[in-house]
Amino acid sequence: MKFDEKQIEFIVTIAKEGGISAAAKKLYLTQPALSQRLANLEQELGFRIFRRDVTPMVPTEEGALYLSTLQEMLQLHRNFQRRLEARRDGKHGCISLALSPMRAQQLLPRLFPELRRSLPGLEVRLLHGSDRAALHRLTREGTADFSINSQVYPDLVQEVVAVSGFVLVVPAGHPLARAKGSGTGWEDRETVTLEMVEDDLFLLNYRTQGSRIILEQYFQDQGFTPRRYMELYDNYTIARLVEAGVGVAVLSMDNAADYIPKLGLQAFRLRNSPRSRIYLSYRRSLLLTPIMESFIRLCKSPVLWTGTCRPKREG
């Protein structure tokens with residue numbers, strides 16, 4: 001079987017998109033052109049790669065074996081390229097990094113200036129995963145070399161890059177802010193309990209999002225159930241609604257540190273606050289070049305994680 005990276009790309013894209021029309025859009029091809037390429041390849045191989053009688057399209061038994069082999073070949077090819085990069089000078093390379101849209105909004109303005117300063121020879125290709133499952137899939141399948149997330153994935157290598165607590169965030173004119181808002185930040189203030197804002201509308205992420213899963217466990221541990229709540233996807237929208245006086249929110253410290261000074265919000269440490277570990281995840285089979293190891297060290301840098309408690313450096 002010859003190695004053709006373009007061919008691998010179009011087959012893998014059809015499998016991911018579940019159909020030729022959707023895959024053609026991703027590949028910037030016409031649907032007839034992609035259908036013909038697939039038909040030509042299947043004729044060359046002597047078997048159908050995908051079933052046409054179901055929607056979305058799924059691989060045949062032979063097709064599943066073919067796809068698995070293609071992904072293994074692609075990984076071997078990438079590892080070979082990285083070995084070549086490492087033999088040159090260890091200061092150049094390319095990686096793909098998967099992030100959720102919210103994580104990208106928070107992290108990238110800090111990450112890229114540090115990359116330009118300390119790893120100018122590293123090219124970073126960004127991928128976006130809409131949820132935890134997408135980030136896991138992108139990393140597990142090798143589409144992304146690394147992902148940054150707060151979910152535990154036993155089948156991946158995961159290095160803790162930061163540990164973040166949570167704070168209660170209220171608008172500047174909130175009674176809690178007037179009563180307990182002395183000090184310059186949440187570190188200088190006494191802790192509060194959820195019962196102090198039980199009559200307020202809680203602005204929460206959706207139940208499938210990582211921070212909400214942590215908060216649901218915290219609510220349960222504290223014996224607390226919000227009387228009223230509104231679910232939203234984006235933390236920036238939540239912060240703007242808090243600013244407008246619509247409700248209150250419980251945000252991770254790394255998110256709160258971005259929004260509080262810009263929007264004039266007030267934040268308080270929670271009693272028995274939950275903790276969220278932030279991981280840099282990658283496949284066990286990933287060949288780590290010297291510049292990749294430098295990237296991992298950079299991801300643990302305190303400058304990237306405002307408002308968090310970093311893990312201690314090993315060694």
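**Exercise 1. Classify the exposure of Cys94, then decide how many disulfides the structure holds.**

Step 1. Cys94 has 31% relative accessibility, so it counts as partly exposed. The classes are buried under 20% relative accessible area, exposed over 50%, and partly exposed in between (1.4 Å probe, protein chains only).

Step 2. Find the closest cysteine sulfur. For Cys94 it belongs to Cys299, 15 Å away, too far for a bond. Cys299 is buried, at 1% relative accessibility.

Step 3. Apply the cut-off: a disulfide is a pair of cysteine sulfur atoms within 2.5 Å. The structure holds zero disulfides.

This is a predicted model, in which local features need pLDDT of at least 70 and side-chain atom pairs count only at pLDDT 80 or more, while totals for chains, interfaces and linings use all residues. Residues are numbered from 1 along each chain as its sequence is written, and side-chain values use heavy atoms, with hydrogens and water left out.

**Exercise 2. Locate the backbone features at Pro56, Tyr28 and Asn272.**

Step 1. Recall the background. Most residues other than glycine have a negative phi, and most peptide bonds are trans.

Step 2. Take Pro56. A cis peptide bond joins Thr55 to Pro56, with omega about 0°. Pro56 sits in the loop between α3 (31-45) and α4 (61-88). Helices (H or I, at least four residues) and strands (E, at least two) are DSSP runs, numbered from the N terminus.

Step 3. Take Tyr28. Its phi is positive, about 60°, though Tyr28 is not a glycine. Tyr28 lies in the loop between α2 (20-27) and α3. At 76% relative accessibility, Tyr28 is exposed.

Step 4. Take Asn272. Its phi is near 55°, again positive in a residue other than glycine. The loop between β8 (266-269) and β9 (275-282) holds Asn272. Asn272 is exposed, at 54% relative accessibility.

**Exercise 3. Trace what the salt bridges of Lys300 and Glu231 connect.**

Step 1. Set the criterion: a side-chain nitrogen of Lys or Arg within 4 Å of a carboxyl oxygen of Asp or Glu. The whole structure has 15 salt bridges.

Step 2. Lys300 pairs with Glu159; the closest N and O atoms are 2.7 Å apart. Lys300 lies in the segment after α11 (290-299) and Glu159 in strand β4 (residues 157-170), so the pair ties together parts 141 residues apart in sequence.

Step 3. Glu231 pairs with Arg212, the closest N and O atoms being 2.8 Å apart. Glu231 is in strand β6 (residues 228-231) and Arg212 in helix α8 (residues 210-221), so this pair ties together parts 19 residues apart in sequence. Shared partners join Arg207, Arg212, Glu216 and Glu231 into one salt-bridge network.
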